[in-house]
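Q: Hi! I've just opened this one and would like a friendly walk through it. Can we go step by step?

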Amino acid sequence: MKFTISQKELADTLAVVSYAVPNKPHHPILNNILLVADQQEQQILVTAFDLSLGIRVQCKSRIELEGKIALPAKLFTQVISSLPKQDITLEIVDNAAIITHSCGKCRIQTVSPQEFPSLPEIEGKNITLPAIKLLQALEATLFAASNDENKQVLAGVHFQFTNSSWEAAATDGHRLAVVSGIIETDEQLTETTQGNVDSNTVEITIPQPTLIELQKILGTVGDNSECTISIDNSIAVFTLPTIQITTRLLEGDYPKYSALIPRQFQHQVIVDRKLLDHALKRVGIVADQKNKIVKIICDYQHQQVTLSTESSDIAGAVESLNIKPQDDYQQQLVMGFNIKYLEQALKFIPTNEVLIHINQTTTPVVITPVDGILNQLILVMPVQLINNNSTAMKEDAANDNEEVVATEHISSTNEVNEKINVAAEAVETEEDVKDKNNVMKSDSSLQKNTAETKTNSRNSANSTPKPRGRKKKVAAA
């Protein structure tokens, strides 16, 4: 094999496929990158695959001799990125890759390409979306997916595709992010995957790590590019003009999140997104670092919202913002929220203003963009505020005497973990019992030694010799 290619193009390609090189591979061959030179198409295919995520990139080059080789991913990437930004030539001589550049040569030993696993080929349904819309969908949902792999399907983003629309959702049990759009194509889905309830609906759940890498790649393609999603059983393939991403899907039924979203709301307010975000950051500095809870008072009469936090009588902060009530409610609404969840919700909404939908102080709150491009909503669970007798801040002495108690809904997985932890605490191992017995013996020995020491001290005190000499007579007064 022999080909000539631009150093920059090859370096950029290796940077993309390196996302699929595992840190701790199950097999040594997975530490390598596969290069295939196609003389007819005058291009090379660069592939990395960790058995769960695979990335293949096409590169235009001048092919003199076609062939296939596997090279150590990390070493090959470092060598290419360090070369001068000019054309380089790679040639295979005696199972070694000779890289020739303007300043010299470099030799890297190759690995047998026959051991490298091939990417799965699928023949399923194809859904085509604009790359920019898919990128916006990932930005609007990925933050809400669970980082705990033990939560299985919650550690990913759930997609639903119908004949004319698509929807993506992610939740970790504390918040929910949903975004949807329209499929602008004349093609319709005629087949279905196994286990789908709706004959015209395809549902898949894609792992969060795969979508993080896909998000990085989508940020590098043009705004006019399209992404075709091919689905077949437990495999999904994302195809871009020169990049193909293959991933395994998460197994299991995703929760029916649509039942958590209220259909009607009693109160709605519009607030400036950036002003609210900055206010949350300021009051979050002095908030209790363990709970990070903010108290929010919506004053409809004065069209104002007040944010306040307090940290164990050490620090506190109060911020006020103007709001635009969308109903005739004239009283105050007092609610508590986790600052982190509110900040992330506002961060991933692209509009200048947001519409906050409220029912009761302990029911889910929905935040949506005002005049957004996509149909987007973020559901956040409030926390319950319970009165106590603590001293409040001077700025809001009548309302800030409250202790925050989190009552967010958690998944059944957390409940199982709690039961396991309780059971684990109730069980003592034999080694623990032995350790306790040894401690008890040590304590008894220590007590015995202490008692003997006290007795010896008393005896020595009693046996102290009396001073010799005559007693002086005390003169009478």
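Q: Which residues in H5 meet residues in H6?
A: Happy to help, and keep in mind that this is a predicted model. On the H5 side they are Arg273, Leu276, Asp277, Leu280, Lys281 and Gly284, and they meet Ile339, Leu342, Glu343, Leu346 and Lys347 in H6.

Q: How many of those are nonpolar, polar or charged?
A: The contact of H5 with H6 has 5 nonpolar, 1 polar and 5 charged residues.

Q: And at what angle do the axes of H5 and H6 cross?
A: At roughly 150°, with the axes of H5 (residues 273-285) and H6 (residues 339-347) coming within 10 Å. Angles over 145 degrees count as roughly antiparallel, and H5 and H6 are therefore roughly antiparallel to each other.

Q: Left-handed or right-handed, that crossing of H5 and H6?
A: Left-handed.

Q: OK, new topic: the sheet. In what order do the 8 strands come?
A: The order is S6-S2-S3-S4-S17-S16-S15-S10, in an open sheet with antiparallel pairing.

Q: Which strands stand at the edges?
A: Those are S6 (67-72) and S10 (125-130). Each has a single partner strand, so one side of each has no neighbour in the sheet.

Q: How are neighbouring strands turned against each other?
A: By 20° on average, if you ignore direction.

Q: Which helices pack on the sheet?
A: Helix H2 (residues 73-82) does, touching S2 (32-38) and S6, and its direction makes about 95° with that of S6. Helix H3 (residues 131-141) packs on the sheet as well. H3 touches S10, S15 (226-232) and S16 (235-239), and its direction makes about 90° with that of S10.

Q: Let me zoom in on S3 and S4. How many bridges join them?
A: There are 7 bridges between S3 (residues 43-49) and S4 (residues 53-60), and the two strands run antiparallel. As one example, Thr47 has Arg56 in S4 as its bridge partner.

Q: Last one, Ala20. Where is its place?
A: Look in the loop between helix H1 (7-17) and S2.

Q: Is Ala20 buried or exposed?
A: Buried, with a relative accessibility of 1%; the cut-off for buried is under 20%.

Q: What is Ala20 in contact with, leaving aside neighbours within four places in sequence?
A: Ala20 is in contact with Ala48, Phe49, Asp50, Leu53, Gly54 and Ile55.

Q: And how far apart are Ala20 and Thr246?
A: In sequence they are 226 residues apart, while in space their C-alpha atoms are 9.9 Å apart.

Note on methods:
Residues are numbered from 1 along each chain as its sequence is written. This is a predicted model: local features need pLDDT of at least 70, side-chain atom pairs count only at pLDDT 80 or more; totals for chains, interfaces and linings use all residues. Side-chain values use heavy atoms; hydrogens and water are left out. Axes are lines fitted to C-alpha atoms, for helices over the stretch in contact, and angles run from 0 to 180 degrees between N-to-C directions. Helices (H or I, at least four residues) and strands (E, at least two) are DSSP runs, numbered from the N terminus. Angles under 35 degrees count as roughly parallel, over 145 as roughly antiparallel, 65 to 115 as roughly perpendicular and the rest as oblique. A crossing is left-handed if the near helix is turned anticlockwise from the far one by less than a right angle, and right-handed if clockwise. Contact means heavy atoms within 4.5 Å. Ala, Val, Leu, Ile, Met, Phe, Trp, Tyr, Cys and Pro count as nonpolar, Asp, Glu, Lys and Arg as charged, and the others, Gly among them, as polar. Two strands pair if DSSP finds at least two bridges between them. Buried means under 20% relative accessible area, exposed over 50%, partly exposed in between (1.4 Å probe, protein chains only).
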